[in-house]
Amino acid sequence: MPSPRTQFSLGHGGHQSPTGKPRKCSYTFLVPEQKITGPICAARGYSTDKDRVTRLDVAAVRDLLSKQRGEMETLKLVVDVDGNLVNEMKLLRKESRNMNSRVTQLYMQLLHEIIRKRDNSLELAQLETRILNATSESLRLASRYRELETKYSALSAVVNNQSVLIGALEEQCMQVYSRRHEHPPMGPPLVQVVPENIPVNVPRFTNEIQRDHNQRFVRERGSRSGPSPTGDTLEVQNPPERNFSTEGIGPFRDCLEAQEAGHSTSGMYLIRPDEAERPLQVWCEQDIDNGGWTVIQTRRDGSVNFFRNWESYKSGFGNIDGEYWLGLEGIYNLGRQGDYKLLVELEDWMGKKVYAQYSSFHLEPQSEDYRLRLGTYQGNAGDSLSSHNGKQFTTLDRDKDAFTGNCAHFHKGGWWYNACGQANLNGVWYNGGVYRSKFQDGIFWADYGGGFYSMKTVRLMIRPID
């Protein structure tokens, strides 16, 4: 196929026609068509030199374009820098807001701290006022204490004088007795047991004995006050029900039955052993060794005189919430209900507590003078009661011990004396531990402290065997 051609016509002046007018000639050229890759500029008419674009003009335009491109690049850089600055400004504004929030928070904390300091200053002022009041009260109590100390010293002097008088009367009695008999009675042999445990840091001697045994104690709710050693039989009063821990409930057979009934608080309870004629008020210990212990004897402050006659020891005496003896008949009725064990709790004047427990315990009836029956020993106080096992109860007016004289007279109490024995838990309550006496009449447990160390507190408790 032939390539397309382009036709160009060119006109030029020529010869004249017959009419006399000049004619125009035209030529036609056929040129092969070429592929056009750029713009086609068609100029109409004739161009002048000033309208022509030279290479210098193109170079100038190119230089101008290059400069403009450079300026554009510069502007782009400026715009980028400005954008970074804007972002940094935004971050700074955000941090500024955070700082303002933090400053506000710190200001509130400071305000709360100031308020708290002010409240503390008010509390401190109140505390200072209380301290001043307490100081004033302590000064008043100290003055009162000095007054009581003076009165106590006077009473102690009276007691010492009475002790001297009693000693003189005893000497006179011994002299009169010696005139009537060739061989006057001698005191019981002193305890020869060397205790395994000796309390330390105790005073060498003390002259302070228990309170005046002849004073009359006001009968309080839940208490029993007994007579002197030569008095009549002690009668047990029945206090109002509101005084018992088991208010409106009971009586129980013993403290273990009260515990099993849901009464787990230590305190005064009403019990009535089987075949007992009347109920008894006792202290139930529910806080040691699983509870259920019936306390039959308590010594703690010397407020009750234990130097009593047979009828008093049979019926019982003292204050249930203080010092008391439950009574031989009541202890006998408790023990005959079943198999019981005995717990002896001792406390010395250093606050140390020791105990002696016996696997079985009961008393024989009054016809046998409430003879003591004990089982085997265990504990850390030493066994000072087994030597009294099988012995009858002795008081000032009923001598059933194995000694030639009356152990109750020398030991100032009632007990299952042997001749006279290694324990005297119903003796005289001496203050301070080691005491000075002609005979061993304190509350002693020979295997703990010896015969001349009087215990601070003592409790005898029984409980059915598990």
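In helix α4, the buried residues are L328, G330, I331, Y332, N333, L334 and G335. That makes α4, which spans residues 328-335, a mostly covered helix, with seven of its eight residues buried. Keep in mind while you look around that this is a predicted model.

**A strand under cover**

Now move along to strand β13, residues 457-464. Eight of its eight residues are buried, so β13 is largely enclosed by the rest of the structure. In a regular strand, side chains alternate between the two faces of the sheet. For β13, one side carries T457, R459, M461 and R463, while the other carries V458, L460, I462 and P464, and all of these are buried. In other words, both faces of the strand are covered.

Which strands pair with β13? One of them is β9 (residues 340-347), which runs antiparallel to β13 and is joined to it by eight bridges. If you want a spot to find this pairing in the model, look for L343, which stands opposite M461 of β13. Strand β6 (residues 293-299) also pairs with β13 in the antiparallel sense, here over five bridges. A good marker for that pairing is T294, whose bridge partner in β13 is I462.

**Another covered strand**

Strand β4 takes in residues 267-271, and five of its five residues are buried, so to speak a mostly covered strand. Its antiparallel partner is β5 (residues 280-285), and five bridges join the two. To see them meet, pick I271 and look across to L280 in β5, its bridge partner.

**Charges that pair up**

How many salt bridges does a search of the whole structure find? The count is 15. Here are three of them, with the N to O distance for each:

| Side chains | Distance, N to O |
|---|---|
| E285 and R459 | 2.8 Å |
| D466 and K341 | 3.9 Å |
| E368 and R371 | 3.2 Å |

Start with the salt bridge between E285 and R459. E285 sits in strand β5 and R459 in strand β13, so this pair ties together parts that are 174 residues apart in sequence. Both E285 and R459 are buried.

Next comes the salt bridge between D466 and K341. D466 belongs to the segment after β13 and K341 to strand β9, so here the pair ties together parts that are 125 residues apart in sequence. Are these two residues buried or exposed? D466 has 76% relative accessibility, so it counts as exposed. K341 has 12% relative accessibility, so it counts as buried.

The third pair in the table is E368 and R371. E368 counts as partly exposed because its relative accessibility is 30%. This pair also has company: salt bridges that share partners join E364, E368, R371 and R373 into one network.

**A positive patch**

Last stop, the surface. Which residues gather there in a patch of positive charge? They are K90, R93, K94 and R97. To place the patch in the model, go to helix α1, which covers residues 55-180 and includes K94.

How values were computed: Residues are numbered from 1 along each chain as its sequence is written. This is a predicted model: local features need pLDDT of at least 70, side-chain atom pairs count only at pLDDT 80 or more; totals for chains, interfaces and linings use all residues. Side-chain values use heavy atoms; hydrogens and water are left out. Patches are made of residues with over 30% relative accessible area and no salt bridge: like charges are joined within 9 Å, nonpolar side chains (Val, Leu, Ile, Met, Phe, Trp, Tyr) within 5 Å. Accessible areas come from the Shrake-Rupley method with a 1.4 Å probe; for residues, only the protein chains shown count as cover. A salt bridge is a side-chain nitrogen of Lys or Arg within 4 Å of a carboxyl oxygen of Asp or Glu. Lys and Arg count as positive and Asp and Glu as negative; His and the chain ends are not counted. The place of a charge is taken as NZ of Lys, CZ of Arg, CG of Asp or CD of Glu. Helices (H or I, at least four residues) and strands (E, at least two) are DSSP runs, numbered from the N terminus. Buried means under 20% relative accessible area, exposed over 50%, partly exposed in between (1.4 Å probe, protein chains only). Two strands pair if DSSP finds at least two bridges between them.
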